[in-house]
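Here is a short tour of a protein for you to follow alongside the sequence and the 3D view. Please keep both open as you read.

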Amino acid sequence: MESPLISIIVPIYNADKYISRCIECLTMQTYQNIEIILVNDGSSDNSGKICHESSVRDNRILVIEQENRGASAARNVGVRSAKGDYICFVDADDFVYPTYVEYLYYLIQKYDAEVSICLAYKLGENEKVPKDFSKFERGNNEIEQFDSISALNNLLYRRGISSYPCLKLYKRNIFNRISFRKNIAFGEDTIFVFEVIQNVEKIVLGRKVLYLYYQNSSSINHIYPDILKYKLSWDGYITYIYNIVMEKYPELINAICSKTVIYALDFYIRFYRLPEGKEFTSELSKYIKSCAPIAIKDSCSKRSNRVLAFLCNISVPITARLCYVIMMIRKAMGVEARKAL
């Protein structure tokens with residue numbers, strides 16, 4: 001029996017420095033029955049040209065052109081055009097191991113799950129993609145299975161289930177009821193994954209590192225938009241995650257409070273120095289102060305996060321300034337975040 005078709009969707013915006021290597025690693029997948037959907041989101045560089053040239057060389061590649069509407073809109077367009085029984089996502093500046101799709105499909109079939117997940121390794125901005133993948137092949141063979149509640153708990157604590165829509169293979173029918181939210185500038189990936197987990201019964205996680213996440217400071221996700229967009233993003237997080245957990249999942253209150261402290265503190269650090277950020281940071285501070293007492297006592301949270309919650313409970317502004325100074329020192333020293341995600 002022929003293997004089912006799997007659709008790989010790649011949103012692209014001004015990625016001509018990286019898209020060729022991304023396309024190459026997708027065409028080299030050991031799982032052959034794939035379609036590669038490249039959605040060019042109004043790029044002003046040579047991304048579109050590279051995509052079309054690639055589609056001539058490999059008939060599994062479909063190129064879609066659209067005006068710039070953001071990564072979420074591009075992914076939604078890709079999903080609507082997909083013909084596969086399963087769907088996965090790869091970002092244009094990232095790189096995947098040749099067995100990426102094969103392994104995710106193996107997991108979803110063997111464990112009769114609706115979503116399968118692998119791990120990623122974060123590469124620094126100036127770090128070259130290694131030619132030797134053997135060190136990434138030595139992933140842990142441990143397999144974990146989750147129901148919806150345990151998966152949400154894992155997601156909030158970031159213990160393997162990441163908030164990235166990539167690293168995952170989804171059954172197609174999930175997208176009959178869920179799509180990417182287009183009106184959220186930051187954190188839309190977390191909301192999407194949260195909503196997926198709420199709507200499935202079984203998820204399987206394999207702790208193999210098969211995805212290389214390239215931390216590119218010029219990509220869409222690292223260009224800071226204006227404060228209004230961040231405010232809308234925060235409202236989205238409060239509306240679609242925080243409030244839902246507080247109302248529906250009492251067993252996850254510790255987890256959501258710990259996450260909220262860190263999430264809100266990240267936003268606070270971005271805007272506390274700006275005069276126009278005063279009202280927004282005041283709102284963030286209220287959430288941090290309300291969640292910090294619970295986060296401090298959360299034995300399931302990382303010690304570093306509990307320390308931040310403790311400091312925030314004393315003074316959010318002082319904690320934010322301290323974190324900002326440490327970030328600037330690390331940046332000046334060229335310290336890159338490198339870890340398995």
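Residues 24 or more positions apart account for 80% of the contacts in the protein with a separation of 6 or more, where contact means heavy atoms within 4.5 Å. This is a predicted model, in which local features need pLDDT of at least 70 and side-chain atom pairs count only at pLDDT 80 or more, while totals for chains, interfaces and linings use all residues. Residues are numbered from 1 along each chain as its sequence is written, and side-chain values use heavy atoms, with hydrogens and water left out.

The protein has 12 helices and 9 strands; these are DSSP runs (H or I, at least four residues, for helices; E, at least two, for strands), numbered from the N terminus. Of its 341 residues, 54% count as buried, that is, under 20% relative accessible area, with exposed meaning over 50% and partly exposed in between (1.4 Å probe, protein chains only).

Now look at helix H9 (residues 253–271). Helix H8 (residues 227–248) packs against H9 at an angle of about 175°, with the axes 11 Å apart. H8 is therefore roughly antiparallel to H9; axes are lines fitted to C-alpha atoms, for helices over the stretch in contact, and angles run from 0 to 180 degrees between N-to-C directions. The label applies over 145 degrees, whereas under 35 is roughly parallel, 65 to 115 roughly perpendicular and the rest oblique. Among the residues that meet here are Trp 234 and Tyr 237 in H8, and Phe 267 and Arg 270 in H9. The contact residues of H8 with H9 divide into 15 nonpolar, 2 polar and 2 charged. Here Ala, Val, Leu, Ile, Met, Phe, Trp, Tyr, Cys and Pro count as nonpolar, Asp, Glu, Lys and Arg as charged, and the others, Gly among them, as polar.

What angle do H9 and helix H11 (residues 303–314) make where their axes cross? They cross at roughly 65°, and the axes come within 10 Å, so H9 and H11 are roughly perpendicular to each other. Val 261, Ile 262 and Leu 265 of H9 make this contact with Asn 305, Leu 308, Ala 309 and Cys 312 of H11. These residues divide into 6 nonpolar, 1 polar and no charged.

Finally, two loop residues other than glycine have a positive phi.

| Residue | Phi | Loop between | Relative accessibility |
|---|---|---|---|
| Asp 112 | near 50° | helix H4 (100–110) and strand E6 (115–123) | 57%, exposed |
| Arg 158 | near 55° | helix H6 (148–157) and strand E8 (168–171) | 46%, partly exposed |
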